[in-house]
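Biologist: Can you walk me through this one? I'd like to start with the surface.
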Amino acid sequence: MAGRDPKDDDLEAPLISSDSFLIDDRQFRLRRSASNNTSQVAIVGSDVSPIESLDYELIENDFFKQDWRSRGKAQICQYVVLKWTLCFLIGALAGAVGFLTNLAVENIAGMKFVITSNMMLVKRYGWAFGVFAVSNFVLTMFASAITAYIAPAAAGSGIPEVKAYLNGVDAPEVFSWRTLLVKVAGSIAAVSSSLHVGKAGPLVHTGACIASILGQGGSHKYGMTCRWLRYFKNDRDRRDLVTCGAAAGVAAAFRSPVGGVLFALEAVSSWWRSALLWRAFFTTAVVAVVLRALIDVCNSGRCGLFGKGGLIMFDVTSDKISYHLVDLPPVIILGIIGGVLGSFYNFLVDKFLRIYNLLNEKGSLCKLLLAATVSICTSCCLFGLPWLASCRPCPAGLSEACPSIGRSGNFKKFQCPPDHYNDLASLFFNTNDDTIRNLYSAGTDNVFQISSILLFFVTSYFLGIISYGIAAPSGLFVPVILTGATYGRLVGVLMGSHSTLDHGLFAVLGSASLLGGSMRMTVSVCVIILELTNNLLLLPLVMLVLLISKTVADTINANIYDMIVRLKGFPYLEAHAEPYMRQLTVSDVVTGPLQIFNGVEKVGNIIHILKTTGHHGFPVVDESLSDSPVLYGLILRAHLLVLLKKKIFLHNCTPSRVGVLGQLSADDFAKRGSGKRDSVEDIMLTEEEKEMFIDLHPFTNTSPYTVVETMSLAKALILFREVGLRHLLVVPKSSLGVPVVGILTRHDFMPEHILGLHPSLLKRRWKRLRFGKFNLIDYFCCLH
């Protein structure tokens, strides 16, 4: 079969061609001559990067079986204790980073608002705007510059990258030391710059980075590694640790330990089991304890401007919340409109991200210019729009100062005379956390004018959209909570006497409705809202709003994180199969050509194949076991590189396992984390060594997952995803001839690949339903 340019090879697609076996016409027609052209790159952060698949399958070969048999009870206990110890360290570090992030944001942003307010008091409005705008500009440029030039993978919230990783997609530098440091520093600067971005998403990515770095024992690249952590240098254990890290990030962002566990379960994790639930809960519990201890330290006044609101905690009311049957229609309306607004929010974010991606492709300078433009527009809106509001006299009998001078409070003085306040400035001229707190405040029904709430809602809605996507760490959670709270307040004002609910409670329900409409999470958002507001009496109303808003939004488009995952190009495997997959068999999507190794293979042949292909799994067949070739198993590229690097060679093609296993240890096969991976180009061999042989039998996975060529594609997808495979061997229905037809990888299940091979499926009725305006099939599958 004719050779191809190595550049055209797919990193994961199978290769179908063999020098050792003759393939008859019937089997040949089952396979395609063209290779899988699914893209092998994705947008990681703000840059395009190559991606690879993770392998959660347990390798069963002679070497690893011997390694496990050699382990005593002490080593097994060490493995279990280390897992819990790592969960403790992840929780402690994530809690500390979350606290320090909030502490830094409150002090940096607080100092900015204090200086600006002092200038406003002496009527130096031009200087006040200059200080405010320049401060925001410098902070934004700092966040964007370190992201663009040091760690592009740190851009955005990081939740789509974590979600893709836990689904089995890996990308370089996504959990590296550089990404971690830039994520923390950039998030502090971006949030302090008054951009409509949040720190919850970056904290999820931060927690995942901490977990991955601890799980790999440090970094080989920077010479920071621990040999006693070798047990966790595999994809399965790292997946569990990264899941715990993501849960810890949410717990640190919202002081919501139970919400963090449920977020990891509902939003980012693709595999879950009871043991992981316990470890994730333990991790978030450690986060809660660490935060509580650090907050107690700050209560003594040693944390600068870090007040009691430094970590989001909104006490809606201390009185008993009561609601009646007459309040249900407004709540239902709130949920319906919230679902529509949330889905439209997702639609606009998707469109703006497509434009931003085109700009970011032009280089780092364009990334900085985009960030600068968004910063200037945001500063002009936050400082200029409050001038449109009229000054209002301070209400009598207040428990707090009016007007409030400084960085927070419901009654911002801004440009008003003594004993007056600017309600629009109380919303715009504040940190996002303080604004949310103002909107959630109980007993403030008459504090904000309807015109001010409406203007702030429209502005915050679109500022949140245009701010997400710049080359800086930025989250979506807090902006959606803020916009939803404003929307809820607006509905409360419009309802007037038709509802007995407090406007602060309407703000809480508005946040829940917009979160349900945009992110489509129900259980986790419900618990996070309850832990944020510290009031269990809200549970029935929050549940009702979330269910309604999610149901409405699901009929329009997908949730925001799924849309971003697809936009970035990650080959994400859904939990359900598309209807058209039941009409196809695995042989309909297997592409070629396929390369097969013998049980004892020549070194030169292995070198040639590794250099001319980028694939990571190769079938191994053996002719010595029977008259016809038999599938012995599957060997990984990484294991072949180890054998070549250690030069485990034979002088002839006779299998010999004497002393071979003793020359290697489990550390040699441990998967590296961040840093440079082994490459075949780095292995230098003489011509004499290339003529030698390698016995692949002891290192071949003898029990790989296989499916018969007549299995439906839908059934194969469920097996592939649920087990967490990287390679799925396709074997012929007949035992005659070649023992393997091809290899399925996750790219073979991608719609663009399948529909490219079978374009007639595009004309079917199901296609219009699935990819049309209404995403009904996803909706009914989720209900099922």
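Biologist: Which residues make the nonpolar surface patch?
Modeller: Keep in mind that this is a predicted model. The patch is made by Ile-332, Ile-333, Ile-336, Ile-337, Val-340 and Ile-556, and covers about 420 Å².
Biologist: Where does Ile-337 sit?
Modeller: Ile-337 belongs to helix 11, which spans residues 328-360.
Biologist: And what is the relative accessible area of Ile-337?
Modeller: The value for Ile-337 is 35%. That makes Ile-337 partly exposed, because this class lies between the 20% limit for buried and the 50% limit for exposed.
Biologist: OK, new topic, sheets. In what order do the strands of the three-stranded open sheet come?
Modeller: The order is 9-11-12, with mixed pairing. Strand 9 (597-598) and strand 12 (630-636) are at the edges. Each has a single partner strand, so one side of each has no neighbour in the sheet.
Biologist: Which helix packs on that sheet?
Modeller: Helix 22, residues 637-646, touches strand 9, strand 11 and strand 12. The direction of helix 22 makes about 80 degrees with that of strand 12.
Biologist: How do strand 9 and strand 11 pair, parallel or antiparallel?
Modeller: Strand 9 pairs with strand 11 (residues 617-622) in the parallel sense, over two bridges. Asn-598 has Val-621 in strand 11 as its bridge partner.
Biologist: Now strand 15. Are its faces covered or open?
Modeller: Both faces of strand 15 (residues 728-731) are covered. Leu-728 and Val-730 are buried on one side, Leu-729 and Val-731 on the other.
Biologist: Why do they split up like that?
Modeller: In a regular strand, side chains alternate between the two faces of the sheet.
Biologist: How many bridges join strand 14 to strand 15?
Modeller: Three, and strand 14 (residues 706-708) runs parallel to strand 15. Thr-706 stands opposite Leu-729 in strand 15.

Conventions. Residues are numbered from 1 along each chain as its sequence is written. This is a predicted model: local features need pLDDT of at least 70, side-chain atom pairs count only at pLDDT 80 or more; totals for chains, interfaces and linings use all residues. Side-chain values use heavy atoms; hydrogens and water are left out. Patches are made of residues with over 30% relative accessible area and no salt bridge: like charges are joined within 9 Å, nonpolar side chains (Val, Leu, Ile, Met, Phe, Trp, Tyr) within 5 Å. Accessible areas come from the Shrake-Rupley method with a 1.4 Å probe; for residues, only the protein chains shown count as cover. A salt bridge is a side-chain nitrogen of Lys or Arg within 4 Å of a carboxyl oxygen of Asp or Glu. Helices (H or I, at least four residues) and strands (E, at least two) are DSSP runs, numbered from the N terminus. Buried means under 20% relative accessible area, exposed over 50%, partly exposed in between (1.4 Å probe, protein chains only). Two strands pair if DSSP finds at least two bridges between them. Contact means heavy atoms within 4.5 Å. Axes are lines fitted to C-alpha atoms, for helices over the stretch in contact, and angles run from 0 to 180 degrees between N-to-C directions.
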